[in-house]
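Open the model in your viewer and keep the selection tool at hand. The tour moves from stop to stop, and each stop says what to select next.

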Amino acid sequence: MKYFYKLTALLMMVFILAGCVPARNTADNPDFTAFTEELFRNEANSDSLTLNYTLSHPENYGITNLPGGFHAFSYEDLKASGLSLENLLASMEETYDRDSLSLKQQILYDILCDTLQSDIQDAEYAAFSGALGPTTGIQAQLPVLLAEFRIGDKADLEQYFSLLTTVPEYFHSLLALEQKKKELGTLSSRTSLEHIISQCREFLQTGGFSVLTTTFDKKVMGFSFLSEDEKRSNISRHNDCIRQYLLPAYQDLVNGLTELLASSGEDGSLSSRPDGSSYYSHLVRRITGSSLPLDELEKIMAEKLGTAQKTLMDYAKKDPSLFSSCQNYVSNYPSPDSILSALQERITADFPQMADSTYEIKYVDKALEDYLSPAFYLTPPLDDSRTNVIYINNSSRFDASSLFNTLAHEGYPGHLYQTCYMHNKNLPKLRYLLDYGGYTEGWATYAEIYSYKYTGASKDEIGILRNNMILSLCLYGLCDIGVHAHGWNREELLSFLNRYGSWNSDTADSVYDAVADEPASYLKYTVGYLEFTRLKEKMKEELRDAYSEKVFHTYILDMGPAPFGILEKYIQKYKAL
């Protein structure tokens, strides 16, 4: 999973960057360029964390007044943001004639319209807003995001400290939002709240913030812009900030959420909340970028699930030993670096060339292992695309034999490759801040499944590995829809899962909790992957003999993150791109 955090529509904290498409000869409209670059500056400079993960040198982009820390907000702020977004969209549509723009500006115009329309709907569903969650919540991600905060001078250092000092106020606003959700009947289930509380307690009791002090102390000792006395002073200041601001903020979060437990229910389904069904439909479209109706997505997943299951059964009849031998390729790769090196070399026949990239492998701190993904990629700043970091989680919860395809997802030809590729394209700056998780996670999932051909496994073994993953994707995707759209309880989910294998109640409960904790989150992967396979078939129809895998991959990467309807629309203009 690509590692990123996006706050509410008001805060617009986005760490996933976007892609590009070459411009045709038509000149850019300078007024539209100025308009979108001002939007870029405003969003990039919305808070210290967003700015740090977006730009290494904001002064080169006209940003001189730095934001300073997190910004507290309220439910009323979220509701009111819809009107300003509506005004912005109306102003853009009235001011700029889309057909007079260059092709790359037309693509940006289309994507920006889609983003604003989604943001407006987010404001309408402010009762469901929130930045807390067991996996993607800010409280889970903040330790790593702070540990990776880039500090190159004293200004960066002050921005970092401003984040630490504003965490309590920001967390207080998150709690206030949860209390409002209690009044509105949209509060998360008791189990979901308990997961967040347990996580925060674990951080507090086991020294989960040690990763911050360790990494900060190491950084400071290497700062050439600080004297030895200043280094010692800043280390002391940092320890004080952890004790004075960060730890109390997490404890307050524990206390506040614990008070809400009595008001939370057992039902984890969004459909059980007021307007929950319509919100879920919006959320699926927002998260996946697919314009297909929910019932059609469900039908496609069910068909793909059935096909994958039948294919696996056919392999079992042909040679049952394939199911054990298909994992033997793992022994050929003794380290993460050996896997990434092999992938970089082998993808060149099927994927376009990109500029050289560098990366660093890091490992999740033990105190964080139980709450983070098997691996994640941290996107580099727009103006420093060589600083790529992939984190690997060594938790016993995860199967080490899957490291090859995990690194294909996070590295090549997945997130790292896609991000570095687009950084070398001349696209409007605003596109680097427009978030389409269905594209980015769908691409990485597509890349992961595609990468099995590079393992050295046999054709039949590759078929098993691919269909097994497709089956899992669709199975979990259907569970998400079943719980949130159809209101399945735990027993109904177990019954569904047992149609496709033997599941016990504990394992089924863990699936229920996962989809209840993060509604529609899994669909980024499932729907994103399925939409890319649909686009591939569309391009084959359009290009016929001119089609190749490399041509398809180049088109998708050149277009960059966007709703799938827009990606499909421009296939017809492929020769002009």
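A residue counts as buried when its relative accessible area is under 20%. Select tyrosine 446: its relative accessible area is 4%, so this residue is buried. Keep in mind throughout that this is a predicted model.

**Stop 1: an aromatic pair**

Stay on tyrosine 446 and add phenylalanine 532. The two rings form a tilted aromatic pair, with centres 6.3 Å apart and 50° between the planes. Phenylalanine 532 is buried too, at 0% relative accessibility. Now colour the two helices. Tyrosine 446 belongs to helix 16 (residues 437-450) and phenylalanine 532 to helix 20 (residues 523-543), so the pair links parts that are 86 residues apart in sequence.

Widen the selection. Tyr446 and Phe532 belong to one aromatic cluster, which also includes Phe351, Tyr417, Tyr421, Tyr439 and Trp443. Tyr450, Tyr454, Phe552 and Phe564 are in that cluster as well. Across the structure there are 40 aromatic pairs.

**Stop 2: charges over rings**

From the cluster, pick tyrosine 450 and show arginine 466. The charged end of arginine 466 sits over the tyrosine 450 ring, 5.7 Å from its centre. Then jump to tyrosine 53. Arginine 150 lies over the face of tyrosine 53, at 5.1 Å from the ring centre.

**Stop 3: strand 4 and its partners**

Select residues 388-392, which make up strand 4. Is this strand enclosed or open? Of its 5 residues, 5 are buried, so strand 4 is largely enclosed by the rest of the structure. Turn the strand and check both faces. Asn388, Ile390 and Ile392 are buried on one side, and Val389 and Tyr391 are buried on the other.

Add strand 2 (residues 359-363). Strand 2 runs parallel to strand 4, joined by 5 bridges. Tyrosine 359 stands opposite asparagine 388. Next add strand 3 (residues 375-378), which pairs with strand 4 in the antiparallel sense over 4 bridges. Here alanine 375 stands opposite isoleucine 392.

**Stop 4: a cis peptide and a buried histidine**

Go to tyrosine 412 and proline 413. A cis peptide bond joins them, with omega about 5°. Proline 413 lies in the loop between helix 14 (403-410) and helix 15.

Move on to histidine 415, which is in helix 15 (residues 415-423). Histidine 415 is buried, at 0% relative accessible area. Which side chain does histidine 415 contact? Show glutamate 441: its side chain makes a polar contact with the side chain of histidine 415, at 3.2 Å.

**Stop 5: the cysteines**

Select cysteine 200 and cysteine 241. How many disulfides are there? The count is 0. A disulfide needs two cysteine sulfur atoms within 2.5 Å. The closest cysteine sulfur to that of cysteine 200 is in cysteine 241, 19 Å away, which is too far for a bond. Both residues are hidden: cysteine 200 is buried at 0% relative accessible area, and cysteine 241 is buried at 6%.

**Stop 6: two loop residues with positive phi**

Finish with a pair of backbone details. Aspartate 275 has phi near 65°, a positive value in a residue other than glycine. Aspartate 275 sits in the loop between helix 9 (228-260) and helix 10 (276-288), and is exposed at 57% relative accessible area.

Last, select arginine 544. Its phi is also positive, about 50°, although arginine 544 is not a glycine. Arginine 544 lies in the loop between helix 20 and helix 21 (549-559). This arginine is exposed, with a relative accessible area of 66%.

Definitions and conventions. Residues are numbered from 1 along each chain as its sequence is written. This is a predicted model: local features need pLDDT of at least 70, side-chain atom pairs count only at pLDDT 80 or more; totals for chains, interfaces and linings use all residues. Side-chain values use heavy atoms; hydrogens and water are left out. Buried means under 20% relative accessible area, exposed over 50%, partly exposed in between (1.4 Å probe, protein chains only). A polar contact is a pair of N or O atoms within 3.5 Å; within protein, one must be able to donate a hydrogen and the other to accept it, and residues adjacent in sequence count only if both atoms are side-chain atoms. Two strands pair if DSSP finds at least two bridges between them. Rings of Phe, Tyr and Trp (its six-membered ring) pair if their centres lie within 6.5 Å; planes under 30 degrees apart count as stacked, over 60 as edge-to-face and the rest as tilted. A charge sits over a ring if NZ of Lys or CZ of Arg is within 6 Å of the ring centre and within 35 degrees of the ring normal.
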